[in-house]
Amino acid sequence: MTTPLANDRFLRALLRQPVDRTPIWIMRQAGRYLPEYRASRARAGSFLDLCQNPELACEVTMQPLARFPLDAAILFSDILTVPDAMGLGLYFETGEGPRFRDPVRSLADIERLPIPDPEQELRYVMDAVRLIRRELQGRVPLIGFAGSPWTLATYMVEGATSRDFAETKRLLYGEPQAMHALLQKVSAAVASYLNAQIQAGAQAVMIFDTWGGSLSPRLYREFSLAYMQRIVDELTREHEGRRVPVILFTKGGGSWLEWQADTGADALGLDWTIEIAEAEARVGDRVALQGNMDPSVLYAGDDVVRAEARRVLDGFKGKTGHVFNLGHGIHPGIDPDRVATLVET
């Protein structure tokens, strides 16, 4: 028997149903800005060990909910778990971010890639989802997530974080069919991974297209959006007697909201480079919107945080279908007291 949700306003807002107040959750709400998270990570030994330990992943997922009256929990994990499970050898260099021991640079590399079984190679993620759902006891919904195929491909080809995506774009322009072959494989892996999260208990899912904004409009449609569309088409959209909403988020993608709405996603994430009122005017009757305060506002004082939060809320006033969030993940150096002010506002 599924525990009924005590607070479902997040799910209701994503489906553009009336809510008593605007729901809020925060990208990277479990993270380095919280001292309790830093303690858990130190206990785990490394970021990767933290992700791969279901008990600790559950612990850090729950930490922000103990501090703030948020309207959703998000699975603590990393977008690069999928390419790691495809055999690329994920590791983290201190101060350098994620790296892969075996990046893919050719069609032969791509053809060798397996599509992982989420309940085998990624079992630790599914175990974390099941554990978090039990711990939540119906308090708020749980969000599952994955990186978009294009975003994952940039890491898989570069072998690390990149500013100019030289190797990725060399492959895209020089061997477009190889890039399509990679994206087809990654999109199949991501769809399977997200559906497994839904079966394990995720009640909404989000696709993070962090690097879609690095593409031209034509290439965005061909190499990023088309593969997110494939995933949306393959997702389980009903589970446990409820709709499972899907959120698409392309950082830097505010110019392409109409195309994103055409995918059939329930909601679109917005960064801070577009006014929420403009976004709503363009697509608001078709999808819910999530966002979109600049996370750097949280470096300022409480009065500025309140004013900026109200400005975002006023941009959507009187309409249904808004989930408040930051325009990207919260920065590590933020004071948790500023977050408390934001959530209260």
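This passage describes selected features of a predicted model, namely one helix, a set of salt bridges, two individual residues, the largest pocket and the largest cavity.

Helix α15 spans residues 336-344. Within this helix, the buried positions are P336, R338, V339, T341, L342 and V343. These buried residues pack against elements from several parts of the chain, namely the helices α2 (35-44), α4 (54-67) and α14 (302-314) together with the strands β10 (288-293) and β11 (322-326). The N-terminal end of α15 is capped by D335. In this cap, a side-chain oxygen of D335 lies 2.8 Å from the backbone nitrogen of D337.

One of the strands against which α15 packs, β11, contains H322. With a relative accessibility of 5%, H322 counts as buried. The side chain of H322 reaches the backbone oxygen of G291, at a distance of 2.9 Å. G291 also appears among the residues in contact with H322 when neighbours within four places in sequence are left aside. The other contacts of H322 under that condition are A13, T22, P23, I276, L289, V312, L313 and F316.

Salt bridges were examined next. Across the whole structure, the search finds 26 of them. In one of these, the side chains of E240 and R133 meet at 3.0 Å, N to O. E240 belongs to the loop between β6 (238-239) and β7 (242-243), whereas R133 belongs to helix α7 (residues 123-136), so the bridge ties together parts that are 107 residues apart in sequence. The two partners differ in their exposure class: E240 is partly exposed at 37% relative accessibility, while R133 is buried at 16%.

Two further salt bridges lie within single helices. The side chains of E278 and R282 meet at 3.1 Å, N to O. Both residues are in helix α13 (residues 276-283), where their spacing of four residues separates them by about one helical turn. E278 is partly exposed, with a relative accessible area of 41%, and R282 is likewise partly exposed, at 23% relative accessibility. A second pair is formed by D303 and R306, whose side chains meet at 3.2 Å, N to O. D303 and R306 are three residues apart in helix α14, again a separation of about one helical turn. An α-helix has 3.6 residues a turn, so residues three or four places apart point the same way. Side chains of opposite charge can then pair when their charged atoms come close. In the α14 pair, D303 is exposed, with a relative accessible area of 62%, and R306 is partly exposed at 24% relative accessibility. Elsewhere, salt bridges that share partners join R9, D20, R21 and D71 into one network.

Helix α7, which holds R133, also contains V125. V125 is buried, its relative accessible area being 2%. Apart from residues up to four places away in sequence, V125 touches L75, S77 and Y193. The C-alpha atoms of V125 and D78 are separated by 9.7 Å, although the two residues are 47 residues apart along the chain.

The largest pocket has a volume of about 1,300 Å³. Its lining comprises 40 residues, of which R28, R32, F47, D78 and F92 are the closest to the centre of the pocket. The elements that give two or more residues to this lining are α2, α3 (47-51), β2 (90-93) and β3 (97-100). The greatest contribution comes from β2, with three residues. By class, the lining of the largest pocket consists of 22 nonpolar, twelve polar and six charged residues.

Enclosed space was also considered. The count comes to one cavity of 30 Å³ or more, and the largest cavity holds about 30 Å³ of space. The residues that line the largest cavity are T250, G253, G254, L257, Q260, G269, L270, D271 and I274. This lining divides into three nonpolar, five polar and one charged residues.

Methods:
Residues are numbered from 1 along each chain as its sequence is written. This is a predicted model: local features need pLDDT of at least 70, side-chain atom pairs count only at pLDDT 80 or more; totals for chains, interfaces and linings use all residues. Side-chain values use heavy atoms; hydrogens and water are left out. Buried means under 20% relative accessible area, exposed over 50%, partly exposed in between (1.4 Å probe, protein chains only). Contact means heavy atoms within 4.5 Å. A polar contact is a pair of N or O atoms within 3.5 Å; within protein, one must be able to donate a hydrogen and the other to accept it, and residues adjacent in sequence count only if both atoms are side-chain atoms. A salt bridge is a side-chain nitrogen of Lys or Arg within 4 Å of a carboxyl oxygen of Asp or Glu. On a 1 Å grid over the protein atoms alone, a cavity is a set of points where a 1.4 Å probe fits but cannot get out, and a pocket is an open set with protein on both sides within 12 Å along at least five of seven lines; lining residues have an atom within 4 Å of a point. Grid points are joined across faces, edges and corners, and a volume is the space filled by probe spheres set on the points. Ala, Val, Leu, Ile, Met, Phe, Trp, Tyr, Cys and Pro count as nonpolar, Asp, Glu, Lys and Arg as charged, and the others, Gly among them, as polar.
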